[in-house]
Amino acid sequence: MLVVMDSNSSPDMVTHVCREIEKLGLAANPMRGTHTIAIEASGNATLVDPQCLLNHPGVKEIVQDAEPYRLVKRQSSPERTVVAVSGVEIGGKNLVVMAGPCAVESREQCFAIAERTAKAGAKIFRGGAFKPRTSPYSFQGLGENGLKVLAEVRERFGLAVVTEAMDTETLDLVADYTDIIQIGSRNMQNFSLLKRVGRKNNAVLLKRGMSATIEEFLLAAEYIMAEGNHRVILCERGVRTFAEHTRNTLDLSAVPAVKQLSHLPIIVDPSHGTGRNDLILPMSRAAVAAGADGLLIEVHHDPARALSDAAQSITPDAFDELMHQLRRIGHAVGRALP
Ligand code: PEP
Ligand code: MN
């Protein structure tokens, strides 16, 4: 942070402001130019809003750091973060595909889908047991029975599991069953949930809020990391725009932008990002070409009868083709899909 002083501030004023900065727990370094005086304030957070410095004589402006997140930022880790989950590494050399239905509907449904996605090379099974639905009359998920089905899928097919925790009440239950806890778009700024998940040992899949800037997205990840859980995987899933041809506008530029700003892995969800099963394949190809560490894909063995997100679910046959094409794109950009 930079505290910019009036150019005619007296040395006493500058010294006074330096003391006030130190009272905030920060180090103060005054810098005198020919026409300007500024004080660099560095160090760790303070609970006091630094804007309070504006109340002292001579202070003209407070310029906050461009990157307000500390643990998330690229420079805070010499290596890129690789999140290891049951032998699968997200953010490493290989691409990781998480696939499965939007909602867990039954054991038979999940087994039918998992058998095909596992065979095609997906390493992680996704499926919601607690579903955040726009309408209270839509299928809300099977709850704990759904989590039990996911545990059976893990056992039977050797897949790791990702599922959403919608609130602090059910977080402990979800955490007991899943490898990766998904924090959905609607909860990206549910700060009490982020803090609680930050105290869990599970890896976390944090989805970008539907109107979140990249800075807000990374600060949400900072909430989790600040509580001690550094196993965070980011997920771009589209943002709300004026466009009507898709459910959301998949912001693929977020992938290289986040990679410049952060060491955390980022995957792409073209299913919610487009809402259209005919766009999943091309947008998946583009995501891998843009540098994504993996994908989250909704697959249903009978999309016409899916209880949620039917229009964006692809069939196991389409998923086979997608994996085949991703291998080729991955090869072109130096990422393998084993
Ligand atoms: C989901 O992954 O099923 C989901 C509800 O996604 P989002 O939070 O991105 O809408
Ligand atoms: Mn869905």
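Two aromatic pairs were counted in the predicted model, where rings of Phe, Tyr and Trp (its six-membered ring) pair if their centres lie within 6.5 Å. In one of them, F111 and F157 meet edge-to-face (planes over 60 degrees apart), with 5.4 Å from centre to centre and 90 degrees between the planes. This pair links distant parts of the chain, as F111 belongs to helix α2 (residues 107-120) and F157, 46 residues apart from it, to helix α3 (residues 144-157). Helices are DSSP runs (H or I, at least four residues), numbered from the N terminus.

Ligand 1 is surrounded by residues with a heavy atom within 4 Å of it, among them R126, K131, E164, S185, K207 and H272. This shell divides into seven charged residues (Asp, Glu, Lys and Arg), four polar and one nonpolar.

Polar contacts are pairs of N or O atoms within 3.5 Å. Polar side-chain atoms of R126 and K131 lie 2.9 Å and 2.8 Å, respectively, from an oxygen atom of ligand 1, and a polar backbone atom of S185 is 2.8 Å from a ligand oxygen. The protein buries 97% of the 290 Å² that ligand 1 exposes when taken alone (Shrake-Rupley method, 1.4 Å probe).

Residues are numbered from 1 along each chain, and ligands from 1 in the order in which they are written. Local features need pLDDT of at least 70, side-chain atom pairs 80 or more, and hydrogens and water are left out of side-chain values.

Terms used:
Polar contact = N/O pair within 3.5 Å; in protein donor to acceptor, adjacent residues only side chain to side chain. Phe/Tyr/Trp six-rings, centres within 6.5 Å; stacked < 30°, edge-to-face > 60°. Helix = DSSP H or I, 4+ residues; strand = E, 2+ residues; numbered from the N terminus.
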